[in-house]
Amino acid sequence: MIRRGGRRGGVVAAGLLTGALLGLGFPAPARADPEADRIGFRSYFQQRFPDVPAEAWIDGMYAIDEGARQQWQEIEDFPPYEFTVEEGQALFQDPFGDGRSYGDCFPDAGRGIRQRYPRFDSETGEVETLEVAINGCRARHGEPALSYDSKEMLALTAWIAYASRGRPMAVEVPDDARALAAYEEGKRFYYTKRGRLDMACVDCHGRYAGAFIRGDHLSASLGHPTHFPVYRLKLGGMVSLHKRFHGCIRDVGAEPFDEQSREFRRLEYFLTYMSNGLEANGPAVRK
Amino acid sequence: MRDVVTSALVLAACLALPVARAADDSRTPAVEGVLAAVESLRAQAVTAGHEWLGTRSLLDEARAAAASGDAARALELAEQARRDCELALEQARREEEAWQGRVLR
Amino acid sequence: MRLITSAAFVAGIVAFAPPSGSADAPSLLAGEVTPAGLAQGRDIAFDRGKGNCLACHVIADGQLPGNIGPPLMAMKLRFPDPDRLRAQIWDASARNPETIMPPFGKHRILTGEEIDLVVAYLYSL
């Protein structure tokens, strides 16, 4: 949890005093305000890239690299994830051992649901990603959990993403102290420098988004979570958002967290909230 | 409290070190104590969410060196791991507040 | 308490493993460095697993440089004092806490000797 510094304590104390003087009783202490954060986050990129509308960032660096965009567009016309999506659809409809299927766990036969994940699960008090929800569904129907980097899991999430294309991301942080705390932890993770290289997510994908690292553009965090899983040309296969987190954390010289660890789920919660309003457009092809 | 225990362990280990060197016996409490103390520092870094890449393998190598009787090598590796853990913990303490200055707006 | 821990460690271990390369090690001036030393410095600067300076900086004939930091040219003009350049590589955050540049010396990404060689190489640019 965030340790409150003396200065902040002073502010809170002053607030309490003011509240008491005004006869309002005890005001709530300064608390997370995801919507204010989201507006600030978007406006940062708007100021840095006045010619790039927020909606364009769902295509990552192709939002700003016209030359690379054309090549990429050609690949997207015959996407290498096509079979994965079909496989995912078949898996989604396949009956479990008990005769039920994923359709019993997810509304609308799994169409148009991606944009609501991750969601806060008020029963467990934890952030539930789509992957966790899929395994939760399996558990309820007596099926073993899928490994997070299995072909099956990636196919299912690819299909659900595909069947949700065009829906604006709509992650909710309910008015629940646990949800706000989870969001705040994800936010803190994003802004925290870590590892031997002493770098934060925001260093590369915020402040230096658009710059070149070696021969590659650094992409912006805005729009990152809208298009996963991705087919990475470099690896010739599908990659989840958490796998990408894992790689980034390693690259800065820190011990990475596991896919679907509490840390990464919270980071995804924060990041996806920042992209609320942008279209879900997964899966996608990336370098 | 854990710090106190750690320090006591380390102090004990260090006091015993000259003996360990003379006897050149890697299985003395000295090497074991140093390894245990560094492991506890690593655990603190993990708890803080700031463990660095490579610390685990340094400690694994140190344990392997100790097991094979190479106390000097074990202590050298443990010292590297200790310095990384101290730096990681320093980073964690700094970041408790510093991250807030980076919020995009 | 941590101070005591550290002190005890140092007292116990220093005899076994003298620390390599510290912040106040003497820096090398370009003039004192052999061509072989300059080549070594260049190798360290370009090596992706070492300095990897090209990730962020344009350097002379380096291929596919990044542009996160300024081009590394005319270094003698920009850093008349080589110790300042060395300090920048050792821990850029000492002067600018929000820098994205990794603290190569402080966080032991490079040894003191490696940083000396990189400084000598950069000074030759």
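Here are some notes on a predicted model, going through its cysteines, a helix pair, a small sheet and one all-helix chain.

1. Start with the disulfide. Over all chains the count is one. Cys105(A) and Cys137(A) make the link, with their sulfur atoms 2.1 Å apart, which counts because the cut-off for a disulfide is 2.5 Å. The torsion about the S-S bond is 75°, and the link of Cys105(A) and Cys137(A) is right-handed.

2. What does that link tie together? It joins distant parts of the chain, with the two positions 32 residues apart in sequence numbering: Cys105(A) sits in the loop between helix 4 (82–93) and strand 1 (119–121) of chain A, while Cys137(A) belongs to helix 5 (residues 130–140) of chain A. The two ends also fall into separate burial classes if you look at them in turn. Cys105(A) has 23% relative accessibility, so it counts as partly exposed. Cys137(A) has a relative accessible area of 0%, so it is buried.

3. Now a cysteine that is in no disulfide: Cys204(A), for which the nearest cysteine sulfur belongs to Cys248(A), 7.3 Å away. Cys204(A) is buried because its relative accessibility is 13%, the cut-off for buried being under 20%. Over in chain B, Cys85(B) also counts as buried, at 2% relative accessibility.

4. While you're in chain B, have a look at Ala48(B). You'll find it in the loop between helix 2 (29–47) and helix 3 (55–67) of chain B. Its relative accessible area is 35%, so Ala48(B) is partly exposed. Ala88(B) is 40 residues away from Ala48(B) along the chain, and their C-alpha atoms are separated by 9.0 Å.

5. Next, a helix pair in chain A. Two packed helices are described by the angle between their axes and the distance between the axes. For helix 7 (residues 177–191) and helix 10 (residues 262–274) of chain A, the angle is about 90° and the axes are 7 Å apart. That makes helix 7 of chain A roughly perpendicular to helix 10 of chain A, because angles of 65 to 115 degrees fall in that class.

6. Who makes the contact? On the helix 7 side of chain A, the residues include Ala179(A), Ala182(A), Tyr183(A), Gly186(A) and Tyr190(A); from helix 10 of chain A, Phe264(A), Leu267(A), Phe270(A), Leu271(A) and Met274(A) are among them. Charged residues take part too, including Glu185(A) and Lys187(A) from helix 7 of chain A and Glu263(A) and Arg266(A) from helix 10 of chain A. By class, the contact of these two helices of chain A has 13 nonpolar, one polar and four charged residues.

7. The sheet worth checking in chain A is an open one: three strands in the order 6-5-7, with mixed pairing. Strand 6 (237–239) and strand 7 (284–286) of chain A are its edge strands, each pairing on one side only. On average, neighbouring strands of this sheet are turned by 40° against each other, direction ignored.

8. Within that sheet, strand 5 (residues 230–232) and strand 6 of chain A pair in the antiparallel sense, over three bridges. If you want a specific pair to click on, Tyr231(A) has Met238(A), in strand 6 of chain A, as its bridge partner.

9. Last, chain C. How many helices and strands does chain C have? There are five helices and zero strands, and the pattern along the sequence is α-α-α-α-α. Of its 125 residues, 47% are buried. Taking contacts in chain C between residues at least 6 apart in sequence, 51% join residues at least 24 apart.

Terms used. Residues numbered from 1 in each chain as written. Chains lettered and ligands numbered in written order. Predicted model: local features only at pLDDT ≥ 70, side-chain atom pairs only at ≥ 80, totals over all residues. Heavy atoms only, no water. Helix = DSSP H or I, 4+ residues; strand = E, 2+ residues; numbered from the N terminus. Buried < 20%, exposed > 50% of the residue type's maximum accessible area, 1.4 Å probe, protein only. Axes fitted to C-alpha atoms, helices over the stretch in contact; angles between N-to-C directions. Parallel < 35°, antiparallel > 145°, perpendicular 65-115°, else oblique. Contact = heavy atoms within 4.5 Å. Nonpolar A, V, L, I, M, F, W, Y, C, P; charged D, E, K, R; others polar. Pairing = 2+ DSSP bridges.
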